[in-house]
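Here's a quick look at how the parts of one chain fit together. Have the model open while you read.

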Amino acid sequence: MNASAKLVLDKDFMVGEVNPRLFGSFVEHLGRCVYTGLFEPSHPGADENGLRTDVLDLVRELGVTLVRYPGGNFVSGYRWEDGIGPAADRPRRPDPAWKTIETNAFGLREFIRFVSEVGAEPMLAVNLGTRGVAEALELLEYCNFTGGTSLSDLRRKHGAEEPYGVRLWCLGNEMDGPWQIGGKKPFEYGRLAVQTARAMRMLDPDVRLVLCGSSGASMPTFGEWERVVLEEAYDAVDYISCHAYYEERDGDVDSFLASAVDMERFIDAVVATCDHVRAVKRESRRIEVSFDEWNVWYMHRPPSGVDTPEWTVAPRQLEDIYTVTDAVVVGTLLITLLSRCDRVGAACLAQLVNVIGPIMTEPAGPAWRQTTFHPFAQASRWGRGTVLRPVVVSPTHETRAYGEVPLLHATAVLNDGGVTVFAVNRDTARPMPLELELRGFGEPRVVEHLALWDDDRHAANTLLHQERVRPRLVSGESLVLPPLSWNTIRLGA
Ligand code: AHR
């Protein structure tokens, strides 16, 4: 048994309100995220629009509130007009970003149908790689203009009488990345972004716009990129994006389990840069972070042997199988996003289906939950309300990447008279007794303690063993967090 940890919660000590947009996800035209992922007209369980109903059910259960689309790297070479109108008339095109063939059978209308089926908000990205202000305006007109203009009437002709009313828009994707089609220098992007943003606001003043931050905190231009693009565009945007992916490298599980330390530092640095530019510009409005790509992604793992031939339609790409350890890391990243809800206004788990996704499918076959599905679903279900500012007293250990790190990582959300504690035990070997000191709550009791852990930290859910890993009820006189575990502890009157 580990030394015990303590969480002190006071009802009056709050971080802020959770924006439901924190529980977003991401659908890119990449691998099998769209095709044979959420869209497969020939699947026995497909609805009349070609959407897989088994996937729709799982997305609803996951509690996704927002979906970013259509990319990702894909968007920087995409012509949105390819994905509208009768499917039979749509062009097949090469996608240089992922070296695949895009059939365009799935496009804007299908995406809007998908988000309305799952009750989520759409978040669209405009192409600022090969395109610019004019095409962004045209897409906005097609989506949000009521009627009586060429493109809004075209939408109506395509069967969508009512405007789509898309509020959230990304001004390109990872424009700092040398891999990005049409990637830019910071000043160059800042100018293009501000011109696009101003024009979009003229057409629809209700849009909320996301400026591209760095594609990762390890980019050589990180920090300077943010400063320059914000100096150009501060007054015309609402959010700046952060993207981060983590993986276990060289068997260093302790550093991997401490990935949230990096995410916290990343958010702090971006917020500091936003506030610096705010001060220089004498602005009163604060910019929020849109953490619109985050996850575990095994980018450096040798190829799995799965055949992914180039220039084919929807090959198997980025189909990571997630373990218990990965799910616990996803849990710690969720704790960080909740803990910084005062400045993080939107976030998207990248991605939703098959491609580094919490949901997996087989063509013509079943759909199932990866291990990472569970912490996300629980955080989305019980993590709405007010995040409290806990005092965490925890044993620590040394990690190679981040030095001394607490073994307990936790946050708490006040909702409907109850409190939910989300907690991770980073100790891979020993359980951790947890004492809760609650101030100002009366006499709450533990309603339920669910934990995700396994004797085999590499255990995963697969086609053959779809339910191998799932949250389990923990009982006992006092609270004990199993070794290497994600915990949801619900307290009520
Ligand atoms: O999510 C996979 C890719 O990661 C996205 O296309 C890109 O934006 C990021 O680099």
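Which domains does the domain assignment of the chain give?

## Two domains, one of them split

Keep in mind that this is a predicted model. The assignment puts residues 5–9 together with 389–492 in domain 1, while domain 2 takes in 19–384. Measure from centre to centre over the C-alpha atoms and you get 29 Å between domain 1 and domain 2. As for who takes part in the contact, domain 1 brings 41 residues and domain 2 brings 40 residues.

## What gets buried between them

The size of an interface is often quoted as the accessible area that is lost when the parts come together. Here, domain 1 and domain 2 bury about 3,400 Å² between them, and carbon and sulfur atoms account for 64% of that.

Want some residues to click on? Try Tyr402, Arg457 and Trp486: they supply 21% of the area that domain 1 buries against domain 2, more than any other three residues.

## A helix pair: H1 and H2

Now zoom in on helix H1 (residues 53–62) and helix H2 (residues 108–118), whose axes come within 9 Å and cross at roughly 55 degrees. That angle falls in neither the under-35 range for roughly parallel nor the 65 to 115 range for roughly perpendicular, so H1 and H2 count as oblique to each other. The crossing of H1 past H2 is right-handed.

Which residues meet where the two helices touch? From H1 it's Leu56, Val59 and Arg60, and from H2 it's Phe114, Glu117 and Val118. Sorted by class, that contact of H1 with H2 holds four nonpolar and two charged residues, with no polar ones.

Key. Residues are numbered from 1 along each chain as its sequence is written. This is a predicted model: local features need pLDDT of at least 70, side-chain atom pairs count only at pLDDT 80 or more; totals for chains, interfaces and linings use all residues. Side-chain values use heavy atoms; hydrogens and water are left out. Axes are lines fitted to C-alpha atoms, for helices over the stretch in contact, and angles run from 0 to 180 degrees between N-to-C directions. Helices (H or I, at least four residues) and strands (E, at least two) are DSSP runs, numbered from the N terminus. Angles under 35 degrees count as roughly parallel, over 145 as roughly antiparallel, 65 to 115 as roughly perpendicular and the rest as oblique. A crossing is left-handed if the near helix is turned anticlockwise from the far one by less than a right angle, and right-handed if clockwise. Contact means heavy atoms within 4.5 Å. Ala, Val, Leu, Ile, Met, Phe, Trp, Tyr, Cys and Pro count as nonpolar, Asp, Glu, Lys and Arg as charged, and the others, Gly among them, as polar. Domain bounds come from an automatic or database domain assignment. Buried area is the accessible area (1.4 Å probe) that two parts lose on being put together, summed over both.
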